[in-house]
Amino acid sequence: MPDWNIPDVWCLSLYGNNVDIDATTGAQMISSLLEKFDLRPGRTFLKWKDTKNASHPKWKKLVSLVNENEGRELEALSLEYTPAVPETDLSRLHQFDFNNYQRYTVMSVSKFVTPNGLGDVLGVAKMLLQICRPSCGFIRSISARQSAILYSAGIPYNASTPDDRERQLQFQGALSLRHRDETKYLGQFRRKLRDVYPVNFLTSGHLARTINGVSLDAWIANRQFGLMAEMQDDIWMWQLPEEAIPAARAELLKAGALMVSD
């Protein structure tokens, strides 16, 4: 396969959503993101809670289906763009996924369509945080050859490095151990971080933890591991430089504050 010069994509993942997304809200949100970033719709996935099988309607048809089924409980709604001519169009690859069953939300957009860089993604994050009310989340850059939806689930599809692959498998294992108990499954997101990334979203359960004898926010300040800022009620953003991540991760892992901690 040719080695095309393809921009990386931004991956925004939110876990432990405390609000179910109805189909109308999900479709409207995806429509607004397509318009915001001037993106084409792609393959859809629609699953109602009262059906066994999912459907893949055309995007225009999906919007009308949502209107026709107003009030029907949504299990999952997603859209993924896979270009027909990768070497010219893969730079616009994107994914949007609202999943009420797994209680996560994932968005990815190419750096090709985000002229303001991380600022564009943070603008989307503010909207999604208010709508989904997640327990935790992150933003990071991944290869366009990876899938943000699979990455968020811990599946090492086209992992960029052996270390990245190993961390993905560790996270997948941590999820599977707890997934049979929904209370325990959701509770882990309220107490532990998925991992450590350049941008992390935390809630009060994370701030209640102590790291090396001090509160999490005091630990971040004392160790000069970046900055924290309140995004909205009970949701904070922790940003830290890439070079600080290995040391911060090692200490949080030892303190049992990451999902893959024992």
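Modeller: Before you start: two strands pair if DSSP finds at least two bridges between them. Strands (E, at least two residues) and helices (H or I, at least four) are DSSP runs, numbered from the N terminus. This is a predicted model, where local features need pLDDT of at least 70, side-chain atom pairs count only at pLDDT 80 or more, and totals for chains, interfaces and linings use all residues. Residues are numbered from 1 along each chain as its sequence is written, and side-chain values use heavy atoms, with hydrogens and water left out.

Colleague: Okay, in what order do the strands of the open sheet run?

Modeller: There are 9 strands in it, and the pairing is antiparallel. β2 (43-48) and β10 (227-232) each have a single partner strand, so one side of each has no neighbour in the sheet. Reading across, the order is β2-β3-β4-β5-β1-β6-β7-β11-β10.

Colleague: And β10, how many bridges does it share with β11?

Modeller: β11 covers residues 235-239, and the two strands pair in the antiparallel sense. Within that pair, E230 sits across from W236 of β11. The count for β10 and β11 is 5 bridges.

Colleague: Which residue of β4 stands opposite S108 in β5?

Modeller: β5 has β1 (residues 9-15) as an antiparallel partner over 7 bridges, and from there C11 stands opposite S108. β4 (residues 94-99) is joined to β5 by 5 bridges, also antiparallel. Its residue opposite S108 is Q95.

Colleague: How many residues of β5 are buried?

Modeller: Buried means under 20% relative accessible area (exposed is over 50%, partly exposed in between; 1.4 Å probe, protein chains only). Y104, V106, S108 and S110 on one side meet that, and so do T105, M107 and V109 on the other. β5 (residues 104-110) is therefore largely enclosed by the rest of the structure, the buried count being 7 of the 7.

Colleague: How many disulfides are there?

Modeller: A disulfide is a covalent bond between the sulfur atoms of two cysteines, and here it is called when the two sulfurs lie within 2.5 Å. C11 has its nearest cysteine sulfur, that of C136, 13 Å away. For C136, the closest cysteine sulfur is in C132, 13 Å off and too far for a bond. By this rule the count is 0.

Colleague: Which residue does the N69 side chain touch in a polar contact?

Modeller: N69 is in the loop between α2 (59-68) and β3 (74-81), and is buried at 19%. A polar contact is a pair of N or O atoms within 3.5 Å; within protein, one must be able to donate a hydrogen and the other to accept it, and residues adjacent in sequence count only if both atoms are side-chain atoms. At 2.9 Å, the side-chain partner of N69 is R72.
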